[in-house]
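Take a look at the chain shown here. The report below walks through its helices, strands, largest pocket and a few single residues.

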Amino acid sequence: MRKSFDLYFVSSNSHKYKEAKSILDSFGIKLGFFKLSLEEIQSNSLREIAEKKAKNAFLKCKKPLIIEDDGLFIDSLNGFPGPYSSYVFKTIGNKGILKLISLKRKAKFVSIITYCDKKTLESFDAKLDGTVSKLQKGKGWGYDPIFVPKNSRKTFAEINNKNESSHRFKALKKFSNWYLHKMESNGQ
Ligand code: IMP
C-alpha cells in the first residue's frame, strides 16, 4: 500500500504549507503537515537558521521532513530585514517597511528548504528578484502585498500564479530533483 505522505513539512505557517504542498504535488511528492512552532536562532545566515530548525524539527517529528526559512532582502537597506524578516514583519509589518524605503526599491526574496532524516541533512536555496511596491496591494499573507516579482507589475498578492515562479517554487524544484533521484537510487 502506498503510504499517505512521502514526507512532512514542519512549520507553524499554514500558508507556506499550502503553497509547498501544491508545488510538490505537481512533482508527484505527497507532503503532510506537521504543525509546530520552531525556535529560530539569531544568525546572519538563513542556511544556519534553517539547518538548526530542521534538526530540532526531526527530534519532534521523527519522520523524513522539510522545513523552510525565508527572508526579504532590500538592496537600499543593505539586505535588511533578511534573516530577521519574521521578527520585522511581526513588529513593524508592511507599513513599517514601506516607511523605511525611499527611491531605490530593489529587493529579493530568498527561500531555503532543508531536508532532514535520520542520516541526511541537505539544503536547497533559491532567490527571486523584484521590487518593493509603494503601497500595499492585494490581499495576501506576509510580505505578499508589497513584493513585486521581476517582470511583473503586480504584487505577489495580486497574481494568481505565484506558485509557478516564487522563491519557494524555485527552491522546491531543486529539492524535488534531488529527492526523486535519492528515492530512485534507494529503489523506492
Ligand atoms: P520565516 O522566518 O521563514 O517564517 O519567514 C520570514 C518572513 O517572511 C515571515 O514574516 C514570513 O511570513 C515572510 N514570508 C516568507 N515567505 C513569504 C511569501 O512567500 N510571501 C510573503 N511573505 C513571506
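## Strand pairing

Two strands count as paired if DSSP finds at least two bridges between them. The model is a predicted one. In it, strand 5 and strand 6 pair in the antiparallel sense, over 11 bridges. Cysteine 116 stands opposite leucine 121 in strand 6. A hairpin of four residues joins strand 5 to strand 6.

Strand 6 also pairs with strand 7, residues 147-149. These two run antiparallel and share three bridges. Here valine 132 has phenylalanine 147, in strand 7, as its bridge partner.

## Glycine 130

Glycine 130 lies in strand 6. Is it buried or exposed? Glycine 130 is buried, because its relative accessible area is 10% and buried means under 20%. Leaving out residues up to four places away in sequence, glycine 130 touches Arg105, Lys106, Ala107, Phe147, Val148, Pro149 and Lys150.

Glycine 130 also pairs up in space with a residue far along the sequence list: isoleucine 74 is 56 residues away in sequence. Their C-alpha atoms are 9.5 Å apart.

## Helix 1

Helix 1 covers residues 14-26, 13 residues in total. From first C-alpha to last, helix 1 reaches 19 Å, close to the 18 Å expected at 1.5 Å a residue. Its buried residues are Lys16, Tyr17, Glu19, Ala20, Ile23 and Leu24. Seen down the axis of helix 1, they fall within an arc of 170 degrees, so they line one face of the helix.

The face of helix 1 turned away from the buried side carries the exposed residues Lys18 and Ser26. What covers the buried residues of helix 1? The cover includes strand 1, strand 2, strand 3 and helix 5.

## Helix 2 and the residue after it

Helix 2 has 16 residues, 46-61. At 1.5 Å a residue it should span 22 Å, and its end C-alpha atoms are 22 Å apart, which agrees. Leu46, Ile49, Ala50, Lys53, Ala54, Ala57, Phe58 and Cys61 are buried in helix 2. Down the axis of helix 2, these buried residues fall within an arc of 165 degrees, so they line one face. Their cover includes strand 1 (7-11), strand 2 (31-35), strand 3 (65-74), strand 5 (106-116) and strand 6 (121-132).

Lysine 62 comes just after helix 2. This residue lies in the loop between helix 2 and strand 3. Its phi is positive, about 60 degrees, although lysine 62 is not a glycine. Lysine 62 counts as exposed, because its relative accessibility is 61% and exposed means over 50%.

## Asparagine 78 and the cis bond

Asparagine 78 lies in the loop between strand 3 and strand 4. Its phi is near 55 degrees, a positive value in a residue other than glycine. Asparagine 78 is exposed, with a relative accessible area of 77%.

Which residues does a cis peptide bond join? The bond links phenylalanine 80 and proline 81, with omega about 0 degrees. Proline 81 is found in strand 4, residues 81-82.

## The largest pocket

Rolling a probe the size of a water molecule over the atoms shows where empty space is left. The largest pocket holds about 750 Å³ of space. Its lining has 32 residues. Of these, Asn13, Lys16, Glu40, Lys53 and Ser86 lie nearest the centre. Two of those names appeared above: Lys16 is buried in helix 1, and Lys53 is buried in helix 2.

Which elements supply at least two residues each to the lining? Strand 1, helix 2, strand 3, helix 3 (85-91) and helix 5 (167-185) do. The largest share, five residues, comes from helix 3.

## Asparagine 94 and lysine 173

Asparagine 94 lies in helix 4, residues 93-100. Asparagine 94 is buried, with a relative accessible area of 6%. Neighbours within four places in sequence aside, asparagine 94 is in contact with Phe89, Gln136, Gly142, Tyr143, Pro145 and Ile146.

Lysine 173 is found in helix 5. At 39% relative accessibility, lysine 173 counts as partly exposed. Lysine 173 and aspartate 125 are 48 residues apart in sequence, and their C-alpha atoms are 10.0 Å apart in space.

How values were computed: Residues are numbered from 1 along each chain as its sequence is written. This is a predicted model: local features need pLDDT of at least 70, side-chain atom pairs count only at pLDDT 80 or more; totals for chains, interfaces and linings use all residues. Side-chain values use heavy atoms; hydrogens and water are left out. The expected span of a helix is 1.5 Å times one less than its number of residues. Buried means under 20% relative accessible area, exposed over 50%, partly exposed in between (1.4 Å probe, protein chains only). The arc is that of the directions from the helix axis to the C-beta atoms. Contact means heavy atoms within 4.5 Å. On a 1 Å grid over the protein atoms alone, a cavity is a set of points where a 1.4 Å probe fits but cannot get out, and a pocket is an open set with protein on both sides within 12 Å along at least five of seven lines; lining residues have an atom within 4 Å of a point. Grid points are joined across faces, edges and corners, and a volume is the space filled by probe spheres set on the points.
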